[in-house]
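Thanks for coming. I will go through one structure, starting with a helix and ending with a pair of them.

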Amino acid sequence: MSEEVLTLAESLRDRARAALGTRNLVLVGLMGAGKSSIGRLVAHQLGIPFVDTDIEIERVSRMTITELFEAYGEEEFRALETRVIKRLLKGGPRVVSTGGGAFINDRTRRHIKRSGLSVWLKADLNVLWERVNKRDTRPLLKTENPKQTLEKLMNARYPIYAEADLTVLSRDVGKDVMVKEVLMAIVEGKEESKTR
């Protein structure tokens with residue numbers, strides 16, 4: 001039986017890899033949705049590189065995201081983020097985890113749509129809050145009522161995230177379940193587009 005399960009898993013991985021082709025898989029969604037942790041595991045399953053745009057931005061700027069926000073403001077940060085993502089999307093295939101605001105930017109969203117397959121990791125407020133309230137490294141949540149700020153971000157951003165090619169519900173299940181669901185979405189998304 002375990003051999004059968006293994007073959008099924010290999011088959012799903014191979015089908016997802018084939019469906020992705022040379023495109024980048026770009027994970028979008030709010031902070032705490034699991035873009036980095038799930039992205040790393042999906043990249044491992046697909047046998048392609050993983051890159052976290054926030055880490056890449058910090059590497060090229062030699063500043064933390066928080067320092068960039070404080071020194072230059074959100075508008076300048078988003079311009080830098082767009083340039084970094086555009087450069088990252090030139091190579092591929094790879095799994096790219098984006099910051100929560102990246103897909104909201106029109107220019108960045110156009111680059112992603114041109115060079116990748118976007119997957120929105122969608123989570124409800126309580127799941128996100130449970131994941132992000134333990135650390136104070138989120139510049140946008142440094143407010144008087146961070147949970148309310150998170151909810152406002154959800155209300156503003158979810159209609160835009162909905163433009164992603166695929167949506168996978170991020171919830172409190174094992175990471176292996178989430179990885180499998182992302183791989184299935186890639187395969188089913190490809191099969192869906194064949195029937196159109």
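Helices (H or I, at least four residues) and strands (E, at least two) are DSSP runs, numbered from the N terminus. The expected span of a helix is 1.5 Å times one less than its number of residues. This is a predicted model, so local features need pLDDT of at least 70 and side-chain atom pairs pLDDT 80 or more, while totals for chains, interfaces and linings use all residues. Residues are numbered from 1 along each chain as its sequence is written, and side-chain values use heavy atoms, without hydrogens and water.

Take helix H7, residues 146-161. Its 16 residues reach 21 Å from first C-alpha to last, close to the expected 22 Å. H7 bends by about 30° at Asn 155 (the angle between axes fitted to the seven residues ending there and the seven starting there). A proline, Pro 159, follows within four residues.

Which residues of H7 are buried, meaning under 20% relative accessible area with a 1.4 Å probe, protein chains only? They are Thr 149, Leu 150, Leu 153, Met 154, Arg 157, Tyr 158 and Tyr 161. Their cover includes strand S1 (24-28), helix H4 (65-90), strand S4 (116-122) and helix H6 (125-132).

H4 also packs with helix H5, residues 106-115. Their axes, lines fitted to C-alpha atoms over the stretch in contact, come within 9 Å and cross at roughly 5°, on a scale from 0 to 180 degrees between N-to-C directions. H4 is therefore roughly parallel to H5 (under 35 degrees). In contact, with heavy atoms within 4.5 Å, Thr 82, Ile 85, Lys 86 and Leu 89 of H4 meet Arg 107, Thr 108, His 111, Ile 112 and Ser 115 of H5.

Conventions: Buried means under 20% relative accessible area, exposed over 50%, partly exposed in between (1.4 Å probe, protein chains only). Angles under 35 degrees count as roughly parallel, over 145 as roughly antiparallel, 65 to 115 as roughly perpendicular and the rest as oblique.
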